[in-house]
Amino acid sequence: MNDYIYKRYRYYFFLIFILSKKGATVVEKIVEILSKESYTQEDLSYLIGLEGSDRDFYLKEIGKSYINTLGKKVYFRGLIEFSNYCTKDCYYCGIRKSNTHTERYDIDDEAILEAAVFAHQNRYGSLVLQSGERNDKPFTDRITRLLKEIKTVTNGELGITISLGEQSEEIYREWFEAGAHRYLLRIETSNEDLYYKIHPRDEAHDFHRRLECLRTLKKVGYQTGTGVMIGLPFQTYEQLAADLLFFQRIDVDMIGMGPFIEHTETPLYQYKDQLWPLQRRFEVAINMIATLRLLLPDINIAAATALQAIDPMGREKALRYGANVIMPNITPTLHRKDYQLYENKPCTDEGADECANCLSIRVEMAGREIGYNEWGDSQHFFKRTSSKQ
Ligand code: SAH
């Protein structure tokens, strides 16, 4: 047992002793769970559902202990949402192909490269390229070309994450060789029944294919990320706890997860009256991030933009309680309003410069430091790959 863990246990035993004198039952239970070495679905679901002052106590504990293991650094990834053309029809998403009310756009290569240079010059360290999902050859070829060009114009110094949906192993490999080294593909929910309540049940939206893609991404050599939406219609704390155990089981390197926010032009909008109130979805999302940090101390966790759509300080709260990656939006402003996955999306009307300034101040307010010019790779990735050699 290393010194830090020893101190942590000693601290929890001390807390249990004090609390047993006071008879504070919920806090006692939290402390009891925190002092365990492994967690059951029931433990996790209990933590995810916490409310009020018990929740405050829990979040503070996580905030304190995670700095001891991961440190204060958080990493920037400049996010470019370069196109909202999508071949999929997910029931929650504002850019689904059947939504005829959204204006479709595709940012040209030159503007994407300019945004990459902006990220590099502003010492962001990394970039995320995201778009709707397409599998046609002109699209996949274009991405390969773009990845190589981004590496060239930034002297190979900018790390590249991509989030471009389900593709064949061949394409994942081609993009990896062209320079992308991290891939984000959210499973959306690890519960198969719920998955088919939020997606059409057809070949284009096959749950097992998505799982297979995650396995392939790891095999190809990417730092692999996934994630879920929190507060979906019909979703329970138990299912969310199972999502966290799923992340542990598939041995992910990074997670991006945030609250579900209903969009009027999507089928799931019909359930809007059955959802948890927005504020509760936000709280549960933060509880999920904190609980994931407890379960997987060395992975990268992103503070999702959707958090900020509910609470103006949403992403900073996530940084305080477990997240260590933040993604300033550097999509050229003209098109930002059209990448509306959900309504009330923040920062759709400010330029990249303003976004960068406001974020650095916000990160400092959350008591964290920005790892300028660093790729900020997942520590977990190096542990899992070196242990196999
Ligand atoms: N084409 C990529 C990325 C798609 S959009 C892919 O298929 O993986 C990125 C993420 O936005 C989705 O994975 C989903 O989790 C999230 N998202 C979509 N609609 C949302 C909504 N209404 N509320 C919250 N998050 C949403």
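## Exercise 1: A packed helix

The buried residues of helix H3 pack against helix H2 (25-34), H4, helix H10 (237-250) and helix H11 (278-295). Keep in mind throughout that the model is predicted.

**Task.** Find which residues of helix H3 (residues 41-48) are buried.

**Solution.** Start by walking along H3 and picking out its buried positions: Asp43, Leu44, Ser45, Leu47 and Ile48. Next, look at what surrounds them: these buried residues pack against H2, H4, H10 and H11.

## Exercise 2: A strand and its neighbours

**Task.** Decide whether the faces of S2 are covered or open, and work out how S2 pairs with strands S1 and S3.

**Solution.** Step one is burial. Strand S2 spans residues 126-131, and 6 of its 6 residues are buried. Taking the faces in turn, Ser126, Val128 and Gln130 lie on one side, with Leu127, Leu129 and Ser131 on the other, and both sides are covered.

Step two is the pairing with S1 (residues 73-83), which runs in the parallel sense over 6 bridges. Here Ile80 stands opposite Leu129 of S2. To get from S1 to S2 the chain passes through helix H5 (residues 109-121), giving a right-handed β-α-β crossover.

Step three is the pairing with S3 (residues 159-163), again parallel, over 5 bridges. Leu129 has Ile162 as its bridge partner in S3. The route from S2 to S3 goes through helix H6 (residues 137-153), and this β-α-β crossover is right-handed.

## Exercise 3: Two buried arginines

**Task.** For Arg362 and Arg55, identify the backbone oxygen that each side chain reaches.

**Solution.** Begin with Arg362 in helix H15 (residues 352-365). Its relative accessible area is 16%, so Arg362 counts as buried, the limit being under 20%. The side chain of Arg362 reaches the backbone oxygen of Pro312 at 2.8 Å. Leaving aside residues up to four places away in sequence, Arg362 touches Gln308, Pro312, Met313 and Glu316.

Now turn to Arg55 in helix H4 (residues 52-70). Arg55 is buried but has no salt bridge: the nearest side chain of opposite charge belongs to Asp56, 4.4 Å away. A salt bridge needs the nitrogen and oxygen within 4 Å. The side chain of Arg55 does reach the backbone oxygen of Glu283, at 3.3 Å. Outside the four-place sequence window, the residues touched by Arg55 are Leu50, Glu283, Ile286 and Asn287.

## Exercise 4: Following the charges

**Task.** Trace the salt bridges of Glu133 and Asp106, and say which parts of the chain they link.

**Solution.** The model has 25 salt bridges in total. Take Glu133 to start: it pairs with Lys88, with closest N and O atoms 3.6 Å apart. Glu133 sits in the loop between S2 and H6, and Lys88 in the loop between S1 and H5, so this pair ties together parts that are 45 residues apart in sequence. Both Glu133 and Lys88 are buried.

Next comes Asp106, whose side chain meets that of Arg134 in a salt bridge at 3.8 Å, N to O. Asp106 belongs to the loop between S1 and H5 and Arg134 to the loop between S2 and H6, 28 residues apart. With 35% relative accessibility, Asp106 is partly exposed.

Asp106 also forms a salt bridge with Arg142, where the closest N and O atoms are 3.0 Å apart. Since Arg142 lies in helix H6 and Asp106 in the loop between S1 and H5, the pair ties together parts 36 residues apart in sequence. Arg142 is buried, at 13% relative accessible area.

Finally, widen the view: Lys88 and Glu133 belong to a salt-bridge network that also holds Glu166, Glu188, Arg209 and Arg210.

## Exercise 5: Positive phi values

**Task.** Glu188 and Asp251 are non-glycine residues with positive phi. Locate each one and classify its exposure.

**Solution.** For Glu188, phi is near 75°. Glu188 lies in the loop between strand S4 (182-184) and helix H8 (192-198). A relative accessible area of 9% makes Glu188 buried.

For Asp251, phi is near 60°. Asp251 is in the loop between H10 and strand S7 (254-259). Its relative accessibility of 26% places Asp251 in the partly exposed class.

Key. Residues numbered from 1 in each chain as written. Predicted model: local features only at pLDDT ≥ 70, side-chain atom pairs only at ≥ 80, totals over all residues. Heavy atoms only, no water. Helix = DSSP H or I, 4+ residues; strand = E, 2+ residues; numbered from the N terminus. Buried < 20%, exposed > 50% of the residue type's maximum accessible area, 1.4 Å probe, protein only. Polar contact = N/O pair within 3.5 Å; in protein donor to acceptor, adjacent residues only side chain to side chain. Contact = heavy atoms within 4.5 Å. Lys, Arg positive; Asp, Glu negative; His and termini not counted. Pairing = 2+ DSSP bridges. Right-handed = clockwise from strand over helix to strand, strands pointing away.
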